[in-house]
Amino acid sequence: MLPDAPGPVSEAELVGWSVAGPVARVEAEYFGALGEQWATVWEGGEVVLGPLHLPEGEELPAEGSPISRALRRLGVVAGAGEDEFSAVGLGQHRATEDWLS
């Protein structure tokens, strides 16, 4: 279990937590269908994926979005017709207010 993080988590904290197992920082900023994604994964105190960035207007790469790639690195397996983002239920929390409640 990760320690409570009431505010933004620092990279140093992520590095420290990753000694016990892989940790990902994923970010998405969308309004409607337009937006960007970022993702980085740390494991054993080192960056093992990323940082990845998908800028607004750029085509989705064949290997998937930054967030899906990070989730795969954490072991998430998507079922038929879904991506890793949906597989872990992140689609249910699309607004910051949903995460805070």
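Q: Is serine 65 buried or exposed in this predicted model?
A: Serine 65 sits in the loop between E3 and H2. Its relative accessible area is 10%. The cut-off for buried is under 20%. So serine 65 is buried.

Q: Which side chain makes a polar contact with the side chain of serine 65?
A: Setting aside residues up to four places away in sequence, serine 65 touches Gln37 and Leu60. A polar contact of 3.2 Å links the serine 65 side chain to one partner. That partner is glutamine 37.

Q: Is serine 68 buried or exposed?
A: Serine 68 belongs to helix H2. Its relative accessibility is 3%. Buried means under 20%. Serine 68 therefore counts as buried.

Q: With which side chain does the side chain of serine 68 make a polar contact?
A: Beyond its neighbours within four places in sequence, serine 68 is in contact with Asp83, Glu84 and Phe85. A polar contact of 3.3 Å runs from side chain to side chain. The partner is glutamate 84.

Q: Which elements do the buried residues of H2 pack against?
A: Helix H2 covers residues 66–73. Its buried residues are Pro66, Ile67, Ser68, Ala70 and Leu71. They pack against strands E1, E2 and E3 and helix H3.

Q: What is the order of the strands in the sheet?
A: The sheet is open and has three strands, with antiparallel pairing. E1 and E3 each have a single partner strand, so one side of each is left without a neighbour in the sheet. On average, neighbouring strands are turned by 5° against each other, direction ignored. The order is E1-E2-E3.

Q: What angle does the direction of H2 make with that of E2?
A: H2 packs on the sheet. The helix touches E1, E2 and E3. Its direction makes an angle with that of E2 of about 25°.

Q: How many bridges pair E1 and E2?
A: These two strands pair in the antiparallel sense. Tyrosine 30 stands opposite glycine 35 in E2. The count of bridges between E1 and E2 is nine.

Q: How many bridges join E2 to E3?
A: E2 and E3 run antiparallel. Tryptophan 38 stands opposite histidine 53 in E3. The number of bridges is six.

Q: Which glycine in the turn between E2 and E3 has a positive phi?
A: E2 and E3 form a hairpin. Two residues lie between the strands. The phi in question is about 60°, and the residue is glycine 44.

Q: What is the omega of the peptide bond from glycine 50 to proline 51?
A: Proline 51 is found in strand E3. The bond leading to proline 51 from glycine 50 is cis. Its omega is near 5°.

Q: What phi does glycine 75 take?
A: Glycine 75 comes just after H2. Its phi is positive. The value is about 105°.

Q: Which residue forms a salt bridge with glutamate 43?
A: Glutamate 43 lies in strand E2, and its partner lies in helix H2, 30 residues apart. The closest N and O atoms are 3.6 Å apart. Glutamate 43 is partly exposed at 34% relative accessible area, and the partner is partly exposed at 40%. That partner is arginine 73.

Q: Which residue forms a salt bridge with arginine 69?
A: Arginine 69 is partly exposed, at 23% relative accessibility. Its partner is partly exposed too, at 41%. The closest N and O atoms are 3.4 Å apart. The partner is glutamate 63.

Q: Which residue meets arginine 72 in a salt bridge?
A: The N to O distance is 3.2 Å. Arginine 72 lies in H2 and its partner in H3, so the pair ties together parts twelve residues apart in sequence. Arginine 72 is partly exposed at 35%, whereas the partner is buried at 9%. The partner is glutamate 84.

Q: What pattern does the chain follow along the sequence?
A: The chain has four helices and three strands. Of its 101 residues, 26% are buried. Read along the sequence, the pattern is α-β-β-β-α-α-α.

Technical notes: Residues are numbered from 1 along each chain as its sequence is written. This is a predicted model: local features need pLDDT of at least 70, side-chain atom pairs count only at pLDDT 80 or more; totals for chains, interfaces and linings use all residues. Side-chain values use heavy atoms; hydrogens and water are left out. Buried means under 20% relative accessible area, exposed over 50%, partly exposed in between (1.4 Å probe, protein chains only). Contact means heavy atoms within 4.5 Å. Two strands pair if DSSP finds at least two bridges between them. Axes are lines fitted to C-alpha atoms, for helices over the stretch in contact, and angles run from 0 to 180 degrees between N-to-C directions. A polar contact is a pair of N or O atoms within 3.5 Å; within protein, one must be able to donate a hydrogen and the other to accept it, and residues adjacent in sequence count only if both atoms are side-chain atoms. A salt bridge is a side-chain nitrogen of Lys or Arg within 4 Å of a carboxyl oxygen of Asp or Glu.
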